[in-house]
Amino acid sequence: MRPGPSVVKAPIPARVTMLGTGTSHGVPMIGCHCATCRSTDVRDRRLRPSIYIEVFERVRILVDTATDLRQQALAHDIAQVDAVLFTHAHADHILGLDDLRSFNRLQGAAIPCYANDETWTHIRRQFSYIFDGPLQLGGGVPQITANEVQDAFFVRGVKIIPVPLWHGKLPILGFRFGNFAYLTDCNKIPEESLRLVEGVDILVLDALRDEPHETHFTIGEAVAMAQTIAAQQTYFTHMAHDLPHAKTNARLPEGVQLAYDGLVFDIEVEIA
Ligand SMILES: [Zn+2]
Ligand SMILES: [Zn+2]
Ligand SMILES: [Zn+2]
C-alpha cells in the first residue's frame, strides 16, 4: 500500500554550494611553490572543507564552520544560517565557529547546531568561552544550541540522516539529504552506513591524495567507494595540493570528478 500524502510529501528542490574543498592546510599551502600551489586555475584554490545547503523558502544549512567561514560567507553572499551540522571537531571543520556571531546578529536568534556526542565533547573543550561564559562580553560570543544526533532528524521539516563514518580511529558523521550525501573526512564506511546512502544521485566523498593516509581515502580508494555507492555523479573533496584539478579529473572514471570551491549543484530533499 502506498503511504498517503499526509505521511510522505514529494521531495522539494534545494541547492548545494561547495564552500571549501581543500584539506586542513588549504591550497595553496603556505610557503609551497609546487605546480598546484602556483596554478592560475581558480579550481586549484581550495579553502577548508564546508558546504552550504539552501532549501528555498524553508531553511539554510551550513555543514561545518570551517577555518575560512568568514571568507566563504563573503564570497558567496551568505547572510542566513538557520542550522549548523558538524561532521567532527578537527580544527579545519570547527575553527570558524566564532563567525556564527555575524548570523546571530543578522537573525537575532541562537543557531541550532547538530553533532555526535564525541564532537560535542571536543567543541565544548575548544570553545569553552561559549559554554562557560566569557570573562567580559567584548564582541560577544556565538549563540548556539547543542543538539546531539545519532538517528534521522528534521530541521524545519527537512529530513537529515546522519551517516556514521570512520576517520581513522575517530567516529564521525556524514549526512544524507534526500538524493544527496556528504561524506567527508573518512577512510572507512561501515556496511550499515552504506545502506543509509543507498540510491543517492549525488555523492560528495573524501579523497585526499594518491599516497596512503591513515585517516583519509586515497584517490584509488575513493574511486572504488564511489563505484560501490554508485551515485550518478560523485564529487571528491578535501583534496591536498598533490591533486591538480584538471590533470586529476582527466584520469578519473566517468561520473567521478573533483569538486572545486564554488561548485553548485541541485538536489532534492525529503520533508516531513
Ligand atoms: Zn578535515
Ligand atoms: Zn603545494
Ligand atoms: Zn578531520
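The donor residues of the zinc ion (ligand 3) follow the sequence spacing H-x1-H-x76-H-x17-D. The structure is a predicted model, and the zinc site and the salt bridges are taken in turn below.

**Zinc site**

Four residues coordinate the zinc ion (ligand 3): His88 through NE2, His90 through ND1, His167 through NE2 and Asp185 through OD, at 2.1 to 2.4 Å. The angles among the 4 donor atoms run from 90 to 175°, and the site is irregular. A tetrahedral label requires all angles to lie between 85 and 135 degrees, so an angle of 175° rules that label out. For reference, the ideal angle for four tetrahedral donors is 109.5 degrees.

Aspartate 185 also serves a second metal: this residue bridges the zinc ion (ligand 3) and the zinc ion (ligand 1), and the two ions lie 3.3 Å apart. Distant parts of the chain come together here, with histidine 88 in the loop between strand S4 (83-85) and helix H3 (91-94), and histidine 167 in strand S8 (residues 158-167), 79 residues apart. Histidine 88 has a relative accessible area of 1% and is buried. Histidine 167 is buried as well, at 2% relative accessibility.

**Salt bridges**

How many salt bridges does the model contain? The count comes to 8. Side chains of opposite charge can pair when their charged atoms come close. Among the bridges are those in the table.

| Acidic residue | Basic residue | N to O distance |
|---|---|---|
| Aspartate 266 | Arginine 15 | 3.6 Å |
| Aspartate 41 | Arginine 43 | 2.8 Å |
| Aspartate 44 | Arginine 46 | 3.6 Å |

The salt bridge between aspartate 266 and arginine 15 links distant parts of the chain: aspartate 266 belongs to strand S14 (residues 264-269) and arginine 15 to strand S1 (residues 12-20), 251 residues apart. Aspartate 266 is exposed, with a relative accessible area of 52%, whereas arginine 15 is partly exposed at 35%.

Arginine 43 and aspartate 41 form another of these bridges. Arginine 43 has a relative accessible area of 31%, which makes this residue partly exposed. Aspartate 41 is also partly exposed, at 21%. The cut-off for buried is under 20%, so aspartate 41 falls outside that class.

Are the partners in the salt bridge of aspartate 44 and arginine 46 buried or exposed? Both aspartate 44 and arginine 46 are buried.

Conventions: Residues are numbered from 1 along each chain as its sequence is written. Chains are lettered from A and ligands numbered from 1 in the order in which they are written. This is a predicted model: local features need pLDDT of at least 70, side-chain atom pairs count only at pLDDT 80 or more; totals for chains, interfaces and linings use all residues. Side-chain values use heavy atoms; hydrogens and water are left out. Donors are N, O and S atoms within 2.8 Å of the metal (3.2 Å for Na, K and Ca); water is not among the atoms, so sites may look incomplete. Four donors count as tetrahedral if all angles lie between 85 and 135 degrees; four count as square planar and six as octahedral if opposite donors are over 155 degrees apart and all others between 65 and 115; anything else is irregular. Helices (H or I, at least four residues) and strands (E, at least two) are DSSP runs, numbered from the N terminus. Buried means under 20% relative accessible area, exposed over 50%, partly exposed in between (1.4 Å probe, protein chains only). A salt bridge is a side-chain nitrogen of Lys or Arg within 4 Å of a carboxyl oxygen of Asp or Glu.
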